[in-house]
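I opened the notebook to look up a few local features in one model. The entries are in the order in which I took them.

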Amino acid sequence: MARVGRGCTASALLAFFLTGCSSYPAWLPASGPSAEEVTVQEAAALPIPVIDVTEGVARQAAEVDRRDRFGQVFADNQPIGYRVGPGDVLEVSIWEAPPAALFGVTSLDPRSGAMSSRVAALPEQMISHEGQINVPFAGSIAAAGKSPQQIEAEIARRLKGKANQPQVMVRVIRNATSNVTVVGEVAQSQRMPLTAKGERLLDAIAAAGGVRQPVNKVTVQLVRGTKVASMPLDRVVQAPGDNVLLAPGDVVTVNFQPLSFTALGATGKNEEINFEAQGISLAQALARAGGIQDARADARGVFVFRFEDPKALDARLRVGPMTPDGRAPVVYRLDLKNPASLLVAQNFPIRNKDVVYVANAPAAELQKFMNIVTSSVFSAANLINLTK
């Protein structure tokens with residue numbers, strides 16, 4: 001009779017735990033949402049789009065990376081020659097044809113007698129905050145934003161009719177404004193002065209002593225006003241069009257392995273993984289995360305969570321809330337049960353701060369559930385034995 005009682009009790013417990021097994025209990029241990037739960041949220045009031053990764057989607061994502069190249073972002077920078085600005089120190093020299101009248105100084109030479117000095121070098125002066133310098137008999141000259149040659153022509157024009165055939169030369173003694181700042185993983189951070197030659201991005205890095213890390217692991221960031229773009233250094237070296245002309249005030253930052261993604265779920269390891277500046281594909285990211293676990297993973301549920309550039313999305317997918325920097329949350333889904341997906345994964349780029357998540361298979365959830373049920377049944381049977 002006791003044996004029958006124990007069997008009935010075990011059957012009752014099993015029936016209790018199996019109730020509603022079509023949807024597993026919320027208290028069941030899990031490393032994250034199931035593939036179904038990620039997809040179902042699309043019906044929420046503010047859904048996050050779930051996009052299947054196809055060859056076209058991978059190509060569109062890669063196209064966004066190409067649009068962010070230096071040659072595209074800073075294409076409007078054309079060589080305009082050297083310009084001075086507030087804080088620069090200039091030296092102005094003025095020549096007059098003999099007999100010098102306005103700036104000439106008569107001196108006596110024991111050997112040749114009286115002669116006229118035909119050049120006057122004015123004291124060095126700094127361009128004021130308002131961008132002005134002062135020249136005797138010419139008045140206040142607007143110098144900021146002009147080349148030395150333009151300033152020379154303006155001074156000569158002002159002196160015409162006052163000096164005798166004036167000729168003017170303007171030299172920059174100290175350059176305070178036309179500089180580029182180079183910092184980061186370089187031999188020596190510095191401010192590099194720009195010249196009329198027109199220095200380029202690689203010139204600035206070379207002037208700072210070059211990079212201290214392998215070229216293929218270094219990213220270069222260029223900031224110009226409100227524009228910011230980053231590129232792997234080896235791509236800049238290989239593409240002359242991305243070795244852009246620098247402009248006054250540019251900030252060049254060299255970073256070593258600044259990119260990373262986070263692997264979560266049924267992967268070989270769950271951690272933040274750094275990757276090279278030239279980028280990696282989704283296939284490489286899964287391999288670096290230890291692959292997907294045969295005993296747990298849902299091969300149809302490989303996801304990439306990303307704050308995407310809206311330019312990479314169709315207008316109908318830009319429905320969710322945007323981040324402060326104008327990016328849209330999106331989830332990319334890859335079905336590794338489809339052999340063609342292995343080829344697509346080689347072309348889909350992983351970006352900085354992506355989250356690569358592999359969902360658990362339904363069978364793995366059922367196995368966990370059955371383990372709990374079995375453990376509970378045996379615990380109840382042992383309790384009956386102890387109380388008898």
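The entries below cover a loop residue, a group of aromatic rings and a surface patch.

**Entry 1: the model**
I note at the start that this is a predicted model.

**Entry 2: Val-211**
I looked up where Val-211 sits, and found it in the loop between α6 (201–207) and β12 (218–224). Is Val-211 buried or exposed? Neither term applies: its relative accessible area is 23%, and buried would need a value under 20%. I therefore entered Val-211 as partly exposed.

I then listed its contacts, leaving aside neighbours within four places in sequence. Val-211 touches Glu-185, Val-186, Ile-205, Val-218, Leu-233 and Val-254. I followed up Val-254, which is 43 residues from Val-211 in sequence. Their C-alpha atoms are 7.6 Å apart in space.

**Entry 3: aromatic rings**
How many aromatic pairs are there? The count I have is 5. Among them is Phe-303 with Phe-305, a tilted pair with 6.4 Å centre to centre and 55° between the planes. I checked the cover of each ring residue. Phe-303 has 0% relative accessibility, so I put it down as buried. Phe-305 has a relative accessible area of 28% and is therefore partly exposed.

Phe-305 also pairs with Tyr-357. Here the geometry is edge-to-face, with 6.4 Å centre to centre and 70° between the planes. Which parts of the chain does this pair link? I traced Phe-305 to strand β18 (residues 297–308) and Tyr-357 to strand β21 (residues 355–360). The two residues are 52 residues apart, and the pair links distant parts of the chain. Tyr-357 is at 4% relative accessibility, so I recorded it as buried.

I entered Phe-303, Phe-305 and Tyr-357 together, as they form one aromatic cluster.

**Entry 4: a nonpolar patch**
Which residues make the nonpolar surface patch of about 250 Å²? I found Trp-95, Val-119 and Met-169. I looked up Trp-95 further and placed it in strand β2 (residues 89–95). Its relative accessibility is 36%, so I entered Trp-95 as partly exposed. That value fits the patch rule, which takes residues with over 30% relative accessible area.

Notes: Residues numbered from 1 in each chain as written. Predicted model: local features only at pLDDT ≥ 70, side-chain atom pairs only at ≥ 80, totals over all residues. Heavy atoms only, no water. Helix = DSSP H or I, 4+ residues; strand = E, 2+ residues; numbered from the N terminus. Buried < 20%, exposed > 50% of the residue type's maximum accessible area, 1.4 Å probe, protein only. Contact = heavy atoms within 4.5 Å. Phe/Tyr/Trp six-rings, centres within 6.5 Å; stacked < 30°, edge-to-face > 60°. Patch = residues over 30% accessible without salt bridge, like charges linked within 9 Å, V, L, I, M, F, W, Y side chains within 5 Å. Areas by Shrake-Rupley, 256 points an atom, 1.4 Å probe, with all protein chains shown as cover. Salt bridge = Lys/Arg side-chain N within 4 Å of Asp/Glu carboxyl O.
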